[in-house]
Amino acid sequence: MADVPVALTVKAAARRGEPRPLLPIDRPPTAPAYFHVLAKPTGPICNLDCQYCFFLSKEALYPGDRFRMAEDLLETYLEQLIEAQAGPEVTIAWQGGEPTLMGVDFFRRAVAMAEQHRRPGQTLHHTIQTNGTLLTDEWCALLKEHGFLVGISIDGPPELHDAYRVDKKGQPTSAKVRRGLELLLAHEVETNVLCTVNAANQDHPLDVYRYFRDDLGLRHIQLIPIVERENDTGFQEGDKVTDRTVDADAWGRFLIAIFDEWVQRDVGTVFVQMFDAALASWAGAPPGMCIFGETCGNAVALEHNGDLYSCDHFVEPKYLLGNITQTHIVELLASPQQRSFGQAKLDTLPRYCLDCEVRFACNGECPKNRFILTPDGEPGLNYLCAGYKAFFLHADGLMRLMAGALRRGGYADEVIGVLARAGRNDPCPCGSGRKTKRCHSGVGTGSRVVSPPSVR
Ligand code: SF4
Ligand code: SF4
């Protein structure tokens, strides 16, 4: 728990007659101007039983709990979240478990409460991550009315999706998810797909990508590598990974195959979060994904009972910051415990990463995946390093090209025309040194060594 003086945090709140922390008059100097909270109103509870889900095991943290966010806590949370953001944009993000288990009325109230607490000039953005199986017309009407961005979890075509995404009886879920997605699309709800990359789909990148783009008509894609260690808490060098875990080299090949298709026809019309983040790094902008930042610590997880954790991937007793009914969220964010959590992302990088030519884009990715040894035996290298390095090196030439277009005031999708105009026997515009016909005419998979780009 953060070391915060009680007198500063818990004051009488006349409105509900309960003690509740108020926004400190002086904003703590270490508080981030903008932060992100993933709120889990049902805790880890879900109606499905996806085999790689790390949330389900979190039930043991709260034995005997009902796992439902109470109405009072909902209001306390929304009030704190909205008043604590220094900027005009506030994102209210719901996740689980499966948040739709709370029922549509919970979210109707949440939207109304948030609106009551919105300050003049503030814009609220509502997002929800769901498995899609419980969506109805009533749900979708609400989501559309309030402009929710909905993330729906799909791992590819049915045979790949159903490998691990099953219900409590072990039955496939793809048909139910598809029905939920169709409802979202029919109601014109802004939707993106969150696809985990795992041992089952890792060798089918284009089947997955084309299914999303062509069969489902989706335009926003998030790719999340599944990395599960045999022991699911703490860090132990030499940890083994489960057989569902994506292979590090396969992760690189997966990204490269999709990138090569994307860069030749889809830039500007299909948005792959990981590619956008990489392009931002090449263009010298913040990557927009915490995993690729130098430091982190500004994305916390809120449990159903008000407990706030350092990150959604670290919902463990050691990373409990406190409870927002006791200490205001902005003070928990500003606490020395949370600031050092975020700083550790940089401070614990092994020398191998510090010397890496693509560190500016990768930054050692997420600390949760740093449990292997570097080639010279230093602990703390990212399990996915081989894949990321291959991808970033492969993408370098075309990332430079796109970043250059952005710097000149142009558009990243100019790259499509550059590649299309290249003669088949000319050197590929990506700079690989190979002929275009053997590189980015069709699907190329080469990689090469680069020097760091001049723009960061
Ligand atoms: S621990 Fe990983 S997921 Fe969590 S905030 Fe840091 S980089 Fe992001
Ligand atoms: S690619 Fe590997 S060595 Fe380079 S920063 Fe990322 S994890 Fe570290």
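These are legends for a set of close-up views of a predicted model.

**Figure 1. The whole protein, before we zoom in.** Across its 456 residues, 43% are buried. The secondary structure adds up to 15 helices and 14 strands. Take the contacts between residues at least 6 apart in sequence: 69% of them join residues at least 24 apart.

**Figure 2. The surroundings of ligand 1.** Four cysteines sit in this shell, namely Cys290, Cys296, Cys311 and Cys366. Keeping them company around ligand 1 are Ile291, Ala299, His313, Lys345, Pro367 and Lys368. Sorted by character, the shell comes out as seven nonpolar residues, one polar and two charged.

**Figure 3. The surroundings of ligand 2.** Here the shell includes Cys353, Cys356, Cys362 and Cys385, along with Tyr352 and Tyr388. Val358, Arg359, Gly364, Glu365, Asn382 and Lys389 are also around ligand 2. Three helices each put in at least two residues: H12 (351-354), H13 (359-362) and H14 (385-407). H14 gives the largest share, with three residues. By character, this shell has seven nonpolar, two polar and three charged residues.

**Figure 4. Glu365, a shell residue with an unusual backbone angle for a non-glycine.** Glu365 belongs to the set of residues around ligand 2. Look for Glu365 in the loop between H13 and strand S13 (370-373). Its phi is near 45°, so a positive value turns up in a residue other than glycine. Is Glu365 buried or exposed? Glu365 has 22 other C-beta atoms within 10 Å, and therefore counts as buried.

**Figure 5. Helix H8 against helix H14.** The axes of H8 and H14 come within 6 Å and cross at roughly 20°. That angle is why the two helices are called roughly parallel to each other. The crossing of H8 past H14 is right-handed. On the H8 side, the contact is made by Ala248, Asp249, Trp251, Gly252, Leu255, Ile256, Phe259 and Val263. H14 answers with Cys385, Ala386, Gly387, Tyr388, Ala390, Phe391, His394, Ala395 and Leu398. Counted by character, the contact holds 13 nonpolar residues, three polar and one charged. Two of the H14 residues here, Cys385 and Tyr388, also show up in the shell around ligand 2.

**Figure 6. Helix H3 against helix H4.** H3 covers residues 104-117 and H4 covers residues 137-145. They pack at an angle of about 15°, with their axes 10 Å apart. Because of that angle, H3 is roughly parallel to H4. H3 passes H4 in a left-handed crossing. The contact takes Val104, Phe107 and Arg108 from H3, and Glu138, Trp139 and Leu142 from H4. Four of these contact residues are nonpolar, none is polar and two are charged.

**Figure 7. A cis peptide bond ahead of H3.** The bond to look at runs from Gly96 to Gly97. Omega is near 5° there, and the bond is cis. Gly97 is part of the loop between strand S4 (89-94) and H3.

**Figure 8. Phe67 and its positive phi.** Phe67 isn't a glycine, yet its phi is positive, at about 55°. Where is Phe67? Phe67 sits in the loop between strand S3 (36-39) and helix H2 (71-84). Phe67 counts as buried because it has 20 C-beta neighbours inside 10 Å.

**Figure 9. Val241 in its loop.** Val241 is in the loop that runs between strand S8 (220-225) and H8 (248-265). With 19 C-beta neighbours inside 10 Å, Val241 is classed as partly exposed. Set aside residues up to four places away in sequence, and Val241 touches Val227, Glu228, Arg229 and Tyr383. Val241 and Ile226 are 15 residues apart along the chain, and their C-alpha atoms are 10.0 Å apart in space.

**Figure 10. Ala422, past helix H15.** Ala422 is found in the segment after H15 (414-421). Which residues does Ala422 contact, leaving aside its neighbours within four places in sequence? They are Cys428, Pro429 and Thr436. Lys437 is 15 residues from Ala422 in sequence, with 9.1 Å between the two C-alpha atoms. Ala422 has 19 C-beta neighbours inside 10 Å, so it counts as partly exposed.

Notes. Residues numbered from 1 in each chain as written. Chains lettered and ligands numbered in written order. Predicted model: local features only at pLDDT ≥ 70, side-chain atom pairs only at ≥ 80, totals over all residues. Near = placed C-beta within 6 Å. Nonpolar A, V, L, I, M, F, W, Y, C, P; charged D, E, K, R; others polar. Helix = DSSP H or I, 4+ residues; strand = E, 2+ residues; numbered from the N terminus. Axes fitted to C-alpha atoms, helices over the stretch in contact; angles between N-to-C directions. Parallel < 35°, antiparallel > 145°, perpendicular 65-115°, else oblique. Left-handed = near helix turned anticlockwise from the far one by under 90°. Contact = placed C-beta atoms within 7 Å. Buried ≥ 20, exposed ≤ 12 C-beta atoms within 10 Å, placed from the backbone.
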